[in-house]
Amino acid sequence: MKIVWVVRPAEGGILQHLEQLLQGIGDLEIVVVAPPSLQDWAGTRRFVSLDLVDGLRPKEDLRATHQLRRLLRQEKANVVHAHGLKAALITALALAPTNHPGFLFTAHNALPQASSKLTQWVTESAQRWMFSRMNMIISVSDTVRSQIIRFAPERKVLTIHNGIASTKFGQKPLEVSRASLGLELDSRVVGTVARLIPSKGIATLLKAMSLLVRVMPRLHLVVVGDGPERSKLEQYAHGLGLAQQVKFLGWRDDVPDLMAGWDCFVLPSQSEGFNLSVLEAMASRLPVVVSDLPSLREAVVPGRSGQLVPPGSAPDLAAALLYVLKAPDKARAMGEFNRQHVETYFGEDRMVRCTRALYEGLLP
């Protein structure tokens, strides 16, 4: 079986998801078609460079469509799997006017919201046409699925939740993890893992921290991740007087070791398709404080896993974090529940197994 992956410009959770699939279905022939920046990431897999760019860029998009059309005709793949909405659009255009019998799309994020009625009409018309070309659509959450079935038949849209290998988490001693960050054992530590873009709500988290340190002066925040907002957020933290309390670590490949030294995980996003970092924190036996979003409710059980807060509200976020940090016995019970919950419902093996079955089901 030959599978061509068409991948939009990506980092963070999407790449982690794809790495899990590459490892789990290593016996299948997968050709990765993606922007040149992802060539090193693809490793030993055959890689074909395609200049995909985010947003609508008519000239660049037309060039990418023609290039991909030639490639797909040469490859004659059994399955063409697009990852991300932009990759799906270019792939649908490249395959038109005929339908490929194994055109598959994974929606890793929520569908975009239009800024005007005209834009909404154009966007929804394009989505309806694009989804009609596909044989199957994978959504990473039921929340994303509920958006897609407005434009596609329900029978075509299948939820396969992201999964993680929980055995990688909770292995390192707390004191070793804290020492690696220069944090003392009796400090309180809150951590997050996120791409530093506005929709992740890190500015709200920093504002909440400025409220919390007034009553918990030994509290620290660890921010793992990079992105276009990093410099702005670092300046904002400094302006709030948090230069000593907040550590921006950038991108790291040792997240399990870092989480071992935290007391709580926080994610104040304004929108999410689904989130691997929340699952990683739960596997690390951490209580979680996250935005009250439908997709996050699919993983987080209110009261048992942690706390849900209104997106964008720094006071509510601060209050929820304070509740967890001031109740260590409850926090410990939440962490134990989270580990069991992830192992039962969000295992990496399940995600890989379901995706493989879908590939095999698309064969004639």
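Student: Where is the place of Arg178?

Tutor: In this predicted model, Arg178 sits in helix α7, which covers residues 174-180.

Student: Is Arg178 buried or exposed?

Tutor: Look at the relative accessible area. A residue counts as buried under 20%. Arg178 has 2%, so it is buried.

Student: Which residues is Arg178 in contact with, leaving aside its neighbours within four places in sequence?

Tutor: Leu183, Glu184, Leu185, Ser187 and Val189 are on the list. Gly261, Trp262 and Asp263 complete it. Gly261 also has a backbone oxygen 2.7 Å from a polar atom of the Arg178 side chain.

Student: Trp262 and Asp263 interest me. Where else do they appear?

Tutor: At the second largest pocket. Its lining has 19 residues, and Trp262 and Asp263 are among those nearest its centre, with Arg285, Leu286 and Arg332. The elements giving two or more residues to this lining are α13 (314-325) and α14 (328-345).

Student: Which element gives the most to that lining?

Tutor: Helix α14 does, with five residues. The space in this pocket is about 370 Å³.

Student: Now a helix. How many residues does α3 have, and how far does it reach?

Tutor: Compare the reach with what is expected at 1.5 Å a residue. Helix α3 spans residues 58-75, so count 18 residues by the record of its run. From first C-alpha to last, α3 reaches 25 Å, close to the expected 26 Å.

Student: Which residues of α3 are buried?

Tutor: Asp61, Ala64, Thr65, Leu68, Leu71, Leu72 and Glu75. They cover an arc of only 135° around the axis, so they lie on the same side of α3.

Student: What covers the buried residues of α3?

Tutor: The cover includes the strands β1 (2-7), β2 (29-34), β3 (46-49) and β4 (79-83). Helix α4 (85-95) is also part of it.

Student: Which exposed residues does the face turned away from the buried side carry?

Tutor: That face of α3 carries Lys59, Leu62, Arg73 and Gln74.

Student: What phi does Lys76 take, just after α3?

Tutor: A positive one, of about 50°.

Student: One more residue. Is Thr143 buried or exposed?

Tutor: Use the accessible area again. Thr143 has a relative value of 18%, so it is buried. Thr143 belongs to helix α6, residues 142-148.

Student: What does Thr143 touch, not counting residues up to four places away in sequence?

Tutor: Pro294, Ser295 and Glu298.

Student: How far is Thr143 from Met216?

Tutor: Their C-alpha atoms are separated by 36 Å, and the two residues are 73 apart along the chain.

Technical notes:
Residues are numbered from 1 along each chain as its sequence is written. This is a predicted model: local features need pLDDT of at least 70, side-chain atom pairs count only at pLDDT 80 or more; totals for chains, interfaces and linings use all residues. Side-chain values use heavy atoms; hydrogens and water are left out. Helices (H or I, at least four residues) and strands (E, at least two) are DSSP runs, numbered from the N terminus. Buried means under 20% relative accessible area, exposed over 50%, partly exposed in between (1.4 Å probe, protein chains only). Contact means heavy atoms within 4.5 Å. A polar contact is a pair of N or O atoms within 3.5 Å; within protein, one must be able to donate a hydrogen and the other to accept it, and residues adjacent in sequence count only if both atoms are side-chain atoms. The expected span of a helix is 1.5 Å times one less than its number of residues. The arc is that of the directions from the helix axis to the C-beta atoms. On a 1 Å grid over the protein atoms alone, a cavity is a set of points where a 1.4 Å probe fits but cannot get out, and a pocket is an open set with protein on both sides within 12 Å along at least five of seven lines; lining residues have an atom within 4 Å of a point. Grid points are joined across faces, edges and corners, and a volume is the space filled by probe spheres set on the points.
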